[in-house]
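Me: Happy to go through this structure with you. Could we take it one question at a time?

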Amino acid sequence: MVSLSHFKDKTAVVLGAEHPLGAALVARLATFGAQVIAIAGSEAARPPLAAAAACRVVPLVLPYDQTANLEWLRDVSAETALHVYIDLTAVVPATAIVPRDVAFARSARVGAIVAAPLRRGAGRAVIGLPELPPDAPPGVSARQAGFAALLQGFAAGAAPARWLGLTLPGLPLGWGAADLTSAGDLVLMLCHPASRGLAGGQRLTWRAAQA
């Protein structure tokens, strides 16, 4: 595991914090001493996120069909140096309320807001991408391709920041403690200087341990 002292007093944004992995990363980053803005899509996610480490976590509700809090995030980011950005929007399960096209638009908007602060902080960004089954319908494949293209777009010209992709299970997963630790360790490694040998835009894959 990488040296966790690297995250002390750093600023992090986690988008898709309602995902089990997102919530776990918010808690871990706060425990390691980072200041974390945890962005979730529903009010129900606010209390558990705030409870993770109240003095170091700012839970921000950003409903998928609204953009009201984007101005707040833009104002906060205007002069801030951002060191860690994690976007799990693409792996939050889609519902009738959260269609993928709306989720994609939110991911693109927030990514555009944090791009400059990441450059100022020479930060690291990780975008979660869903693993596709071999028989994935064309629409699902196209949505995944859209998020992959978003990663490449943000990675281009991002230096000294760097954007990386991490493929995660697209099907429902129990996300037990071992899975959260294993996947979380990989995300944190990608946000750490230990990953400096990886080129921007590169994608890695994480898979749950087989029972």
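Me: Let's begin in the sheet: how many bridges join β5 to β6?
Reply: Glad to help, and please keep in mind that this is a predicted model. The strands β5 and β6 run parallel. One opposing pair here is Arg 124 and Arg 162, the latter in β6. The number of bridges that join β5 to β6 is eight.

Me: In what order do the strands of the sheet come?
Reply: The sheet is open and is formed by seven strands. Their pairing is parallel. Read across the sheet, the order is β3-β2-β1-β4-β5-β6-β7.

Me: Which strands stand at the edges, each with a single partner strand?
Reply: A strand with a single partner has one side left without a neighbour in the sheet. From one strand to the next, the twist averages 20°. The two strands at the edges are β3 (57-61) and β7 (203-205).

Me: Which residue is the bridge partner of Ile 37 in β3?
Reply: Strand β2 covers residues 35-40 and runs parallel to β3. Five bridges join the two strands. For Ile 37, the partner in β3 is Val 58.

Me: At about what angle to β2 does helix α3 run?
Reply: Helix α3 spans residues 70-77 and lies across β2 and β3. Another helix, α6 (residues 177-190), packs on the sheet and touches β4 (84-87), β5 (124-131), β6 (162-169) and β7. The direction of α6 makes about 165° with that of β6. For α3 and β2, the angle is about 160°.

Me: Within what arc do the buried residues of α3 fall, seen down its axis?
Reply: The buried residues in α3 are Leu 70, Leu 73 and Ser 77. They line one face of the helix, because seen down the axis of α3 they fall within an arc of 65°.

Me: How many of the residues of β6 are buried?
Reply: Buried here means under 20% relative accessible area. Strand β6 is largely enclosed by the rest of the structure. On its β7 side, β6 is joined by three bridges and the two run parallel, with Gly 165 opposite Arg 203 in β7. The buried count for β6 is eight of the eight residues.

Me: And how many of the five residues of strand β1 are buried?
Reply: Strand β1 covers residues 11-15 and is largely enclosed by the rest of the structure. Five bridges join β1 to β2, and these strands run parallel. Ala 12 stands opposite Val 36 in β2. The buried count for β1 is four of the five.

Me: With which side chain does the side chain of Thr 89 make a polar contact?
Reply: Thr 89 lies in the loop between β4 and α4 (100-120). At 0% relative accessibility, Thr 89 counts as buried. The distance in the polar contact is 2.6 Å, and the partner is the side chain of Asp 87.

Me: Is the peptide bond from Ala 159 to Pro 160 cis or trans?
Reply: Pro 160 is found in the loop between α5 (138-155) and β6. Omega for the bond from Ala 159 to Pro 160 is near 10°. That peptide bond is cis.

Me: Asp 9 has a positive phi although it is not a glycine; is Asp 9 buried or exposed?
Reply: Asp 9 sits in the segment before β1, and its phi is about 65°. The cut-off for exposed is over 50% relative accessible area. At 54% relative accessibility, Asp 9 counts as exposed.

Me: Trp 175 has a positive phi too; is Trp 175 buried or exposed?
Reply: Trp 175 is found in the loop between β6 and α6. Its phi is about 50°, although Trp 175 is not a glycine. With a relative accessible area of 10%, Trp 175 is buried.

Me: To finish with the whole chain, what percentage of its residues count as buried?
Reply: The chain comes to six helices and seven strands, and from the N terminus on the elements run β-α-β-α-β-α-β-α-β-α-β-α-β. About 9400 Å² of the chain is exposed, with carbon and sulfur atoms supplying 60% of that area. Among contacts between residues at least 6 apart in sequence, 72% join residues at least 24 apart. Of the 211 residues, the share that counts as buried is 49%.

Technical notes:
Residues numbered from 1 in each chain as written. Predicted model: local features only at pLDDT ≥ 70, side-chain atom pairs only at ≥ 80, totals over all residues. Heavy atoms only, no water. Pairing = 2+ DSSP bridges. Axes fitted to C-alpha atoms, helices over the stretch in contact; angles between N-to-C directions. Contact = heavy atoms within 4.5 Å. Buried < 20%, exposed > 50% of the residue type's maximum accessible area, 1.4 Å probe, protein only. Areas by Shrake-Rupley, 256 points an atom, 1.4 Å probe, with all protein chains shown as cover. Arc of directions from axis to C-beta. Polar contact = N/O pair within 3.5 Å; in protein donor to acceptor, adjacent residues only side chain to side chain.
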